[in-house]
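Student: I should like to learn how to read the features of a protein model in a systematic way. Could the discussion begin with the sheet and proceed from there to the helices and the loops?

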Amino acid sequence: MRREKVVLVTGAGGEMGHGLIGHLASQGTQVVAIDVREVDAGLRRSCRDAFVGDICDAGLLERINAQYEIDAVYHLAALLSTRGEFAPETAHHVNVGGTLNLLRLAAEQAGSHGRTVLFMFPSSIAAYGMPTLDAKRGNRTVTEDQFTHAHTMYGVNKVAGEELGRYYQDHYRKLAKDRMSRPVDFRSIRFPGIISSDTVPAGGTSDYGPEMIHVVAQGRPYECFVRPDTRIPFMTMPEAIQALVGLAAAPKDRLSRTVYNVSSFSPTAADFERMVRREFPDAQVTFVPDLGRQAIVDSWPEECDDSAARHDWGWSPTYTFETAFGRYLMPKVRARYGR
Ligand code: AKB
């Protein structure tokens with residue numbers, strides 16, 4: 001009896017999971033979803049199967065391994081930067097232990113069906129660690145190989161995941177007599193803050209951008225936890241999905257690296273306030289910096305150089321900050337909250 005060919009998506013119930021699975025399903029891809037919570041009925045209908053469980057549960061992964069033939073893994077599950085600082089060892093266990101489990105599953109699958117398994121790994125600007133605010137302001141734009149001493153457990157975990165992926169791709173079981181060359185085709189994107197019109201993130205430190213939009217759109221006051229001058233890269237969720245599927249589809253011989261920056265715009269927190277106040281003149285936004293969370297975003301770069309992604313696989317942003325509001329966010333956010 002042959003196992004059914006599928007694509008595995010972890011963290012399926014999250015913001016990116018909804019957008020990605022919708023795209024994959026629209027292409028006729030059979031998706032197996034994993035999430036620690038039951039995925040909603042709409043998302044479930046787009047999947048061939050959906051498992052409620054933990055990527056650190058070896059028994060769950062073994063069941064999936066026995067039941068399905070996996071051609072690609074989109075590993076979206078992670079404990080984000082703020083939540084990870086309240087339970088750093090748990091963050092490490094999930095973010096690195098879970099990633100290791102999935103890389104091992106992908107390599108075992110490759111050894112079983114004989115084909116390289118594509119492994120898509122959303123990394124983050126949290127992988128960067130600007131040593132001081134002056135260094136951040138003095139090095140406005142960073143490339144993938146600069147300042148990668150992260151200041152959060154989540155960021156350290158993302159760098160570890162990038163290195164584990166490169167190892168599984170190029171060096172896995174180096175001394176084994178029966179080793180397979182390139183069991184895993186590892187590809188990673190260091191995503192900036194992501195803004196979705198449909199969901200509000202939780203547990204992240206870039207959350208102030210999407211939070212401000214969604215809270216003000218509901219007519220509620222918003223207390224921003226960073227300074228007005230805080231600047232980091234952002235993009236919209238549709239662009240994040242576009243980047244993920246764009247890199248996945250790129251011919252491997254076009255790729256000069258395993259980890260890529262992408263970015264669309266780098267507004268300050270004050271720019272967010274200006275835009276929400278333009279859309280909602282009655283907006284009540286105050287700035288009350290949380291010094292711990294402020295220190296995290298101060299360690300992230302103002303801008304990311306995404307020239308390698310543009311050159312190697314044709315990455316190009318869809319929106320500017322202005323058009324992201326006008327063409328993507330406001331129409332859907334207003335419809336969602338009726339304002
Ligand atoms: C976070 O804030 O932790 C995430 C990220 C930037 O990766 N949204």
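Tutor: The model is a predicted one. In general, strands of a sheet pair through backbone hydrogen bonds, either parallel or antiparallel. In this structure, an open sheet of seven strands has the order S3-S2-S1-S4-S5-S7-S11, and the pairing is parallel.

Student: Which strands stand at the edges of the sheet?

Tutor: Strand S3 (49-52) and strand S11 (259-261) do. Each has a single partner strand, so one side of each is left without a neighbour in the sheet. Between neighbouring strands the turn is 20° on average, direction ignored.

Student: How many bridges join S5 to S7?

Tutor: Eight bridges join these two parallel strands, and Phe119 stands opposite Phe186 in S7. S4 and S5, also parallel, are joined by three bridges. Here Ala72 is opposite Leu118 in S5, and Tyr74 is opposite Met120 in S5.

Student: What is found for the pairs S1 with S4 and S7 with S11?

Tutor: Strand S1 (residues 4-10) pairs with S4 in the parallel sense over seven bridges, and the bridge partner of Glu4 in S4 is Tyr68. Strand S7 (residues 184-191) pairs with S11, again in the parallel sense, over three bridges; Ser188 is opposite Val259 in S11.

Student: How should one read the two faces of a strand such as S5, and which residues lie on each side?

Tutor: In a regular strand the side chains alternate between the two faces of the sheet. For S5, one side carries Val117, Phe119, Phe121 and Ser123, while the other carries Leu118, Met120, Pro122 and Ser124. All of these are buried, and both faces of S5 are covered. The count for the strand is eight buried residues of eight. S4 is likewise mostly covered, with seven of its eight residues buried.

Student: Which helix lies across S4, S5, S7 and S11?

Tutor: Helix H9 lies across strand S4 (68-75), strand S5 (117-124), S7 and S11. With respect to S7, H9 runs at about 155°.

Student: How is the packing of one helix against another described, and at what angle do H1 and H9 cross?

Tutor: Two packed helices are described by the angle between their axes and the distance between the axes. The axes of helix H1 (residues 15-26) and helix H9 (residues 237-249) come within 10 Å and cross at roughly 55°. H1 and H9 are therefore oblique to each other. The crossing in which H1 passes H9 is right-handed. On the H1 side the contact is made by Glu15, Met16, Gly19, Leu20 and His23, and on the H9 side by Met237, Ala240, Ile241, Leu244 and Val245. By class, the residues of this contact are seven nonpolar, two polar and one charged.

Student: At what angle do H10 and H13 cross, and how do the residues of their contact divide?

Tutor: Helix H10 (residues 269-279) and helix H13 (residues 321-337) have axes that come within 12 Å and cross at roughly 50°. That angle makes H10 oblique to H13, and the crossing is right-handed. H10 contributes Asp271, Phe272, Arg274, Met275, Val276, Arg278 and Glu279 to the contact, and H13 contributes Phe321, Glu322, Phe325, Met330 and Arg334. These residues divide into six nonpolar, no polar and six charged.

Student: Is Ser26 buried or exposed?

Tutor: Ser26, which lies in helix H1, has 59% relative accessibility and therefore counts as exposed, the cut-off being over 50%. Ser26 and Ser46 are 20 residues apart in sequence, and their C-alpha atoms are 8.5 Å apart in space.

Student: Finally, how should one read phi, and what is its value in Phe147?

Tutor: Most residues other than glycine have a negative phi, and most peptide bonds are trans. Phe147 has a positive phi, near 50°, although the residue is not glycine. Phe147 is placed in the loop between strand S6 (141-142) and helix H7 (153-170), and its relative accessibility of 25% makes it partly exposed.

Student: Where is Arg182 found, and what is its phi?

Tutor: Arg182 is in the loop between H7 and S7. Its phi is positive and near 50°, in a residue other than glycine. At 32% relative accessibility, Arg182 counts as partly exposed.

Note on methods:
Residues numbered from 1 in each chain as written. Predicted model: local features only at pLDDT ≥ 70, side-chain atom pairs only at ≥ 80, totals over all residues. Heavy atoms only, no water. Axes fitted to C-alpha atoms, helices over the stretch in contact; angles between N-to-C directions. Helix = DSSP H or I, 4+ residues; strand = E, 2+ residues; numbered from the N terminus. Parallel < 35°, antiparallel > 145°, perpendicular 65-115°, else oblique. Left-handed = near helix turned anticlockwise from the far one by under 90°. Contact = heavy atoms within 4.5 Å. Nonpolar A, V, L, I, M, F, W, Y, C, P; charged D, E, K, R; others polar. Pairing = 2+ DSSP bridges. Buried < 20%, exposed > 50% of the residue type's maximum accessible area, 1.4 Å probe, protein only.
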